[in-house]
Amino acid sequence: MSNKTIKLCSFVFLLPLFCFTQTLTGTVVDKTTQKPIETVAIYFDNTTLGTTTDSNGEFSITYTDAVQSTLVISYLGYEKIFISDYRLKTNMKIELIEADNALDEVHIEYDDGLTRRQKLRLFKKEFLGVSKYGKSCKILNEEDLVLKYDKKNKALYANSKVALKIENRALNYEITYDLIDFEINFKYANLNTVEFTVKSVFYYGTSFYRNLEDSDKPKTIKNRERVYNGSIQHFMRSLYNENLRDEDYFIFFDGFVVKEWSYFNVDAIVDSNLKKVTLKDKVSILYDKDFQSELQVDIDEFYVDIYGNYSPIEGIYFSGSMGIQRVGDTLPLDYGISK
């Protein structure tokens, strides 16, 4: 996600009326000892759907045909496993391999011209966001973050040995975010005055959302709807349904309103719930007559489904209103989907 990004109408978008439920079962063991592993996290990336293994290493997780996310198997001290073809599986045996824990410790003590507090402030601003939702977030284990500033390239890097635990109090989610990569590139950086101008931000990882106690409160529901309105997720769902105007999106090119389907081409794919999308040229997107974004696609085509999942992410760049959305402004992919 970035300023060029890259990772949601005044009502909840409920989809669809017909979701077929499936249950996936399996056992997780240590590859070397073949002994079962308890409390392994099993979840669908960027959703609220997850579970853990029991004392026998066994798990059972139910999902619907709405779920398109990768299945993630994660346990501290072991290499993470990603499974995308789980629909072809029944009872799975998953073997975890112990991870090489030789994380570059020199990054922790490296004298790079900034204090840890300064680096942490920059990281949280660009990772969590500066909206009221981003500012409501708290990283519960920020001591696990490894932060390094590269003076020569004017870039900040971050990683973590363990998944970050983030509380978003405005949206009442606890987010488990396994940060794989994070990088801020600066156009201007003055270490003496601690002044920075951001050029681009990129981060990615896997995430699991858990509803907190007050998630059913009217205020929380309203906040989540506000975050969804005009978001990338909302835009992608509207693009799939080819109802951009109905959802209050207007497309501009060179400063003028244009017919959206003269620039976007959306084609259904036979025997698939995906649609192929191509974009003729870089366009501006106006939502609700107030929120403006730009979209540039540097790949020939991308694919989107009715739930707002799209791929590949790399090569699709949002700026403006959609481009500044960060972890604090995001909802799980299964948001608004009837179970």
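## Exercises on cores, buried polar residues and unusual backbone angles

**Exercise 1.** In this predicted model, find where T53 sits in the chain, decide whether T53 is buried or exposed, and list the polar contacts of its side chain.

*Solution.* Begin with the position: T53 belongs to the loop that runs between β3 (50–52) and β4 (58–64). Next consider accessibility, for which the cut-off is that a residue under 20% relative accessible area is buried; T53 has a value of 4%, and therefore counts as buried. Then look for polar partners of the side chain, which reaches the backbone oxygen of I37 at 2.8 Å and also has a polar atom 2.8 Å from the backbone nitrogen of V40. Finally, leaving aside residues up to four places away in sequence, T53 touches V28, I37, E38, T39, V40, I42, E58 and F59, a list that includes both polar partners, I37 and V40.

**Exercise 2.** Describe the largest nonpolar core, stating how many residues it has and which element gives the largest share.

*Solution.* The first step is the count, which is 34 residues, and those with the most contacts inside this core are F123, F127, I166, L179 and F182. The second step is to ask which elements give two or more residues to the core: these are α2 (116–128), β8 (137–139), β9 (145–150), β10 (155–160), β11 (164–168), β12 (173–190), β13 (195–211) and α4 (218–228). Of these contributions, the one from β12 is the largest, at 7 residues. As a third step, take I166 as an example: when residues up to four places away in sequence are not counted, its contacts are F127, L128, C137, K138, I139, Y173, E174, I175, Y177 and V327. There is also a second, separate core, which has 25 residues, among them L239, V277, F302 and V304. As background, nonpolar side chains tend to be buried together in soluble globular proteins.

**Exercise 3.** Examine α5 (232–241) together with the residue S231, and explain why this helix is described as largely enclosed.

*Solution.* Start with S231, which lies in the loop between α4 and α5 and counts as buried because its relative accessibility is 0%. A polar atom of the S231 side chain is 3.2 Å from the backbone nitrogen of H234, and H234 is itself one of the buried residues of α5. Now turn to the helix as a whole: 9 of its 10 residues are buried, so α5 is largely enclosed by the rest of the structure. The buried residues are I232, Q233, H234, F235, M236, R237, S238, L239 and Y240. After α5 comes E242, which has a positive phi near 55°.

**Exercise 4.** Locate the cis peptide bond, and compare the accessibility classes of D248 and K289, two residues with positive phi.

*Solution.* It helps to recall that most residues other than glycine have a negative phi, and that most peptide bonds are trans. The cis bond leads from S311 to P312, with omega near -5°, and P312 is placed in the loop between β21 (310–311) and β22 (316–320). D248, which is not a glycine, has a positive phi of about 75° and lies in the loop between α5 and β14 (249–253). K289 has a positive phi near 60°, and its place is in the loop between β18 (283–287) and β19 (291–297). For the last step, D248 has 24% relative accessibility and so counts as partly exposed, whereas K289, with a relative accessible area of 72%, is exposed.

Technical notes
Residues numbered from 1 in each chain as written. Predicted model: local features only at pLDDT ≥ 70, side-chain atom pairs only at ≥ 80, totals over all residues. Heavy atoms only, no water. Core = buried A, V, L, I, M, F, W, Y, C linked by side-chain atoms within 4.5 Å. Buried < 20%, exposed > 50% of the residue type's maximum accessible area, 1.4 Å probe, protein only. Helix = DSSP H or I, 4+ residues; strand = E, 2+ residues; numbered from the N terminus. Contact = heavy atoms within 4.5 Å. Polar contact = N/O pair within 3.5 Å; in protein donor to acceptor, adjacent residues only side chain to side chain.
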